[in-house]
Amino acid sequence: MSRLKELERFGQSVWLDFIRRGLLTGGGLRKLVEADGLKGVTSNPAIFEKAIGAGDEYRALLVAAVRAGQDDPEQIYEKLAIEDIQAAADLMADVFEATSGRDGFVSLEVSPRLAHDTERTVAEAQRLWAAVSRPNLMVKVPATPAGIPAIERLIADGVNVNVTLLFSVDVYAQAADAYIKGLEHRLTAGKPIRTVASVASFFVSRIDTEIDARLETMAAAASTELERDHLLTLRGKAAIANAKTAYQRFGQVTGGERWRSLASHGAHVQRLLWGSTGTKNPAYADTLYVDTLIGRDTVNTMPPATMDAFRDHGNPAATLEHDLEGARAAMNLLADAGISLDAVTAKLLDDGVKLFDDAYTRLLDAVGKAKKAA
């Protein structure tokens, strides 16, 4: 059995953090479902930028768009993206049915330019939900201060939401509360709640990238060799400890009376989804952020290279609740060293919104250039 498929035994679903037309039309996605037990697909502006802007895969489609009189790069991109999302959703429909709506989702992100505008985020998400018109769509909404109330309203409206750009455990708790409130609104209004789903995408590797850089800067300025060595031993510890802390908070949320009441009416649990699980530091194992975060009611969305690595030499085992004392100790040591996790996660949220905004700008530029070439 594929190591990826073995993760099902430990309550974890594997989603693919990648999409492009050839994967959908060439049988690649279906093969991943059959061989590896793939249960979902996520996308973002950076993924679409690479897909549409590189090579000739979308050339014929761009030519058709030009001949149809379409001129606006944003409209052209959206048309291509929606077609890809619809095709992927159709390919994942059997998984959606087989899991009774727990898995089989495909995610499409609202424009990152709306990340700080609640009303426009809600309107954009509702528009995309209607345009894609698939029950296994998840609309990605960032966990900004403006995004949290948008999530509550969208869930209340029956729109599936992938809460993205989560770095902070406290902000995760806000996202979980928004999901619960949205379901409570539906229940009060007499609407079904078993047809609505959400995941909370908690980013991992970016935490280590940011904190490791800070530790190395501090180590370079250390006054003693002992201090320097101590700071360097803390590298690569923050992301996993932070994720394990988030999972403990998840347990508190799902163990509460409010959630148990909703579950009794058929609500789907809002699972934690581990995002940004490709290893950025070549000194770390390429399956680090999969091997260490395997547990019940979770999702790991992996880029293709990480899926290949885990399929080849990953270690399927229930690890997410191992060494919680060590995780707490690592967090305390980082705090003692002067690393403010709150400051780091706030910065990463701002950086994440900007990175997706920049990718969106490059995406539209790539579509414009490809359109002209076509």
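These legends walk through a few close-up views of a predicted model. Local features are taken where pLDDT is at least 70 and side-chain atom pairs only at pLDDT 80 or more, while totals for chains, interfaces and linings use all residues. Residue numbers start from 1 along each chain as its sequence is written, and side-chain values use heavy atoms, with hydrogens and water left out.

**View 1. E83 and R21 pair up across two helices.** Here a salt bridge (a side-chain nitrogen of Lys or Arg within 4 Å of a carboxyl oxygen of Asp or Glu) links E83 to R21, and the closest N and O atoms sit 3.3 Å apart. E83 belongs to helix α6 (residues 73-91) and R21 to helix α2 (residues 21-25), so the bridge ties together parts 62 residues apart in sequence. Helices here are DSSP runs of H or I with at least four residues, numbered from the N terminus. R21 is buried, with a relative accessible area of 14%, whereas E83 comes out partly exposed at 26%. For these labels, buried is under 20% relative accessible area, exposed is over 50% and partly exposed is in between, using a 1.4 Å probe and protein chains only.

**View 2. E210 and R214 meet within helix α11.** Both residues lie in this helix (residues 205-220), four residues apart, or about one turn. Their salt bridge brings the closest N and O atoms to 2.9 Å. E210 is the buried partner at 15% relative accessible area; R214, at 27%, counts as partly exposed.

**View 3. K354 and D358 do a one-turn pairing in helix α18.** What separates the closest N and O atoms in this salt bridge is 2.8 Å. The two residues are four apart in the helix, which covers residues 341-373. K354 is exposed, with 52% relative accessibility, and D358 is partly exposed at 29%.

**View 4. Shared partners build a network.** Salt bridges with partners in common join R21, K79, E83 and D84 into one network. The E83 and R21 pair from the opening view is back again here. By the salt-bridge rule, the count comes to 31.

**View 5. T306 sits buried in helix α16.** The helix runs over residues 304-313, and T306 has just 5% relative accessibility. Which residues does T306 touch, leaving aside its neighbours within four places in sequence? With contact meaning heavy atoms within 4.5 Å, the partners are T277, G278, D286 and V290.
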